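Here are my notes for a first look at this structure. Keep the viewer open while you read, and go through the points in order.

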Amino acid sequence: MGKQPNLFAFPSVDLLAPTLRTYILHAQNAGIQRHEIFKVAVSGGSLPKTLAAALLAPASGPDDVIDFSKWEIFFADERAVPLTHEDSNYALLKTELLDKIPAGMGTPTVHPINAELLDDVQELADQYEKLLVASFAQRDSVKLPIFDLLLLGCGPDGHTCSLFPGHPLLRETDAWVYPIEDSPKPPPKRITLSLPVVTHGVKIAFVATGGGKKEILKKIFEEGAGLPCALVNEGAGRGAVGLWTTLRWRGSVSLG
Ligand code: 6PG
């Protein structure tokens, strides 16, 4: 059994949301304090909807300020489809969260993929890496970018970002962003942050919701077994990995 992630379990997304908000708020405030900006990477799947539940709720007090004007949002992984396509993680985030941000909460800077490069996923990945270099190079002296927070999903097979179990990409360490053309989860063509970039984040949180995650969470906790989610947790030296779930969990976990 590997390093245990911190697990916070909730009976529903509604009850998870306020704690997720507090967690993100702390990461936001720490990022702003460090460098006046909050650099966050997000995944697709069910996450954008859960994020909206957490972030668009009314503030609970004067210190509870989500300031989107300080947010710089990147994609932890993205599908090689147009930005308006129903499979696009950007489109999903836009519909679920970005379009719903009230004026008073500020406007985030968002970095979608360059949709003119969809025919060449290697170029798509290279250009996204260039964008990261341009953004992070001024700040991190720069072997790897240091996201203030990565908000990730956890697939039913244990994948996270577009890093899939047993895939050779898990061993790649040279680039920050990789193309993948054989994703087992459709669509097959995508780009993804590399494992070292993910584990280098200041804070990393998996948000796993719904009963469909029960078996895989059990596997992650009990065996790890080289699963990408477990590899992220093992490699994350800079801070604990939060694993948020709507499951009642009976294993050895610390509940928040
Ligand atoms: C993607 C996602 C992917 C997702 C997981 C979990 O683009 O496919 O980024 O990595 O986070 O598959 O998805 P769910 O939250 O929908 O289970």
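1. Bear in mind that this is a predicted model. A handy place to start is what lies over helix H6: the cover on its buried residues includes E9, helix H7 (228–235) and E10.

2. Which residues of H6 are buried? In this helix, residues 214–222, they are Leu217, Ile220 and Phe221. Looking down the axis of H6, you'll find these buried residues within an arc of 95 degrees, so they line one face of the helix. That fits a general rule: an α-helix has 3.6 residues a turn, so residues three or four places apart point the same way.

3. Now turn H6 around. On its other side, Glu215 and Glu222 are exposed. Just past the end of H6, have a look at Gly224, which takes a positive phi of about 75 degrees.

4. Next, the sheet. Seven strands make up an open sheet, with parallel pairing, and the order is E1-E10-E9-E6-E2-E3-E5. At the edges stand E1 (6–9) and E5 (109–110); each has a single partner strand, so one side of each has no neighbour in the sheet.

5. Helix H1 (residues 13–35) packs on this sheet, where it touches E1, E2 (38–42), E6, E9 and E10 (241–245). The direction of H1 makes about 135 degrees with that of E2.

6. For one pairing in detail, take E6 (residues 149–152) and E9 (residues 204–208): they run parallel and are joined by three bridges. Within that pair, Leu150 has Ile204 of E9 as its bridge partner.

7. Helix H2 is worth a stop too. Its buried residues are Leu47, Pro48, Thr50, Leu51, Ala54 and Leu55. They sit on the same side of H2, because they cover an arc of only 160 degrees around the axis. Among the elements covering them are H1, E2, helix H3 (89–96), E6 and E9.

8. Is Leu47, in helix H2 (residues 47–55), buried or exposed? Leu47 is buried, because 25 other C-beta atoms lie within 10 Å, and the cut-off for that is 20 or more. Setting aside neighbours within four places in sequence, Leu47 is in contact with Val42, Leu151, Gly153 and Val207.

9. Last, the ligand. Of the 16 residues around it, Ser43, Gly44, Gly45, Ser46 and Gly153 come nearest. Sorted by class, the shell around the ligand holds three nonpolar, ten polar and three charged residues. Gly153, one of the nearest to the ligand, is also a contact of Leu47.

How values were computed: Residues numbered from 1 in each chain as written. Predicted model: local features only at pLDDT ≥ 70, side-chain atom pairs only at ≥ 80, totals over all residues. Buried ≥ 20, exposed ≤ 12 C-beta atoms within 10 Å, placed from the backbone. Contact = placed C-beta atoms within 7 Å. Pairing = 2+ DSSP bridges. Helix = DSSP H or I, 4+ residues; strand = E, 2+ residues; numbered from the N terminus. Axes fitted to C-alpha atoms, helices over the stretch in contact; angles between N-to-C directions. Near = placed C-beta within 6 Å. Nonpolar A, V, L, I, M, F, W, Y, C, P; charged D, E, K, R; others polar. Arc of directions from axis to C-beta.
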